[in-house]
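Q: Could you take me through one part of this model in detail, starting from the first helix and following what surrounds it? I would like the cut-offs spelled out along the way.

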Amino acid sequence: MDNKLRSVKILEEVLGYFLHHGVEKLDISFFSDEKKLIITVRGSTDVEPQDLPQLIKLLNEPRKPEYEEYYWSLLGASSKRQELHL
């Protein structure tokens with residue numbers, strides 16, 4: 001799977017996470033190249049999601065290229081839009 005498609009899938013999941021947790025007035029900044037993906041999300045909510053620190057930790061894990069294709073195939077990632085469960 002190419003990096004652009006992976007980036008879109010990750011962005012969809014991040015957006016879905018914040019919408020699911022009631023974050024409003026989202027402002028999203030997105031940058032992707034061959035070496036890195038940077039997603040910055042700002043929004044407002046009455047209560048910070050309890051699992052936010054865990055999400056941040058998971059999203060900042062170093063890439064493991066030797067596992068990537070295997071994991072993406074297990075998730076059923078393809079060119080079709082579908083929800084990934086992180």
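The answer below follows helix α1 and the residues linked to it.

A: Happy to. A word on conventions comes first: this is a predicted model, in which local features need pLDDT of at least 70 and side-chain atom pairs count only at pLDDT 80 or more, while totals for chains, interfaces and linings use all residues. Residues are numbered from 1 along each chain as its sequence is written, and side-chain values use heavy atoms, with hydrogens and water left out.

Let us place the helix in the chain. The chain holds three helices and two strands, and along the sequence they follow the pattern α-β-β-α-α. Helices (H or I, at least four residues) and strands (E, at least two) are DSSP runs, numbered from the N terminus. Of the 86 residues in the chain, 19% are buried. Buried stands for under 20% relative accessible area, exposed for over 50%, and partly exposed for what lies in between (1.4 Å probe, protein chains only).

Now for the geometry of α1. Its 18 residues should span 26 Å at 1.5 Å a residue, and the end C-alpha atoms are 25 Å apart, which agrees. The expected span here is 1.5 Å times one less than the number of residues in the helix.

Next come the two faces of α1. The buried residues in α1 are Asn 3, Arg 6, Ser 7, Lys 9, Glu 13, Val 14, Tyr 17 and Phe 18. They sit on the same side of α1, because the arc they cover around the axis is only 165°. That arc is taken from the directions from the helix axis to the C-beta atoms. On the face turned away from this buried side, α1 carries the exposed residues Lys 4, Leu 19 and His 20.

Ser 7 is a good example from the buried side: its relative accessibility is 5%, so it counts as buried. Its C-alpha lies 9.6 Å from that of Lys 36, and the two residues are 29 apart in sequence.

The buried side also holds an aromatic contact. Rings of Phe, Tyr and Trp (its six-membered ring) pair if their centres lie within 6.5 Å; planes under 30 degrees apart count as stacked, over 60 as edge-to-face and the rest as tilted. By this rule the count comes to one aromatic pair. It is formed by Tyr 17 and Phe 18, edge-to-face, with 5.1 Å centre to centre and 90° between the planes. Tyr 17 counts as buried at 12% relative accessibility, and Phe 18 is buried too, with a relative accessible area of 13%.

Turning to the exposed face, Lys 4 has 67% relative accessibility and therefore counts as exposed. Lys 4 and Leu 37 are 33 residues apart in sequence, with 9.7 Å between their C-alpha atoms. Lys 4 can also be paired with Ser 32: these two are 28 residues apart along the chain, and their C-alpha atoms are separated by 7.5 Å. Ser 32 belongs to strand β1 and is partly exposed at 28% relative accessibility. His 20, also in α1, counts as exposed at 67% relative accessibility. The C-alpha atoms of His 20 and Pro 49 are 9.8 Å apart, although their positions lie 29 residues apart in sequence numbering terms.

What follows the helix is worth a look at the backbone level. Just after α1, Gly 22 takes a positive phi of about 75°. Most residues other than glycine have a negative phi. Lys 25, a residue other than glycine, has a positive phi near 50°. Lys 25 is found in strand β1, and at 75% relative accessibility it counts as exposed.

Finally, there is a feature that joins α1 to β1 on the surface. Leu 15, Leu 19, Ile 28 and Phe 30 form a nonpolar patch there, with about 330 Å² of accessible area together. The elements giving two or more residues to this patch are α1 (3-20) and β1 (24-32). Patches are made of residues with over 30% relative accessible area and no salt bridge, with like charges joined within 9 Å and nonpolar side chains (Val, Leu, Ile, Met, Phe, Trp, Tyr) within 5 Å. A salt bridge is a side-chain nitrogen of Lys or Arg within 4 Å of a carboxyl oxygen of Asp or Glu, and accessible areas come from the Shrake-Rupley method with a 1.4 Å probe, where for residues only the protein chains shown count as cover. Within the patch, Phe 30 is in strand β1 and counts as partly exposed, at 37% relative accessibility.
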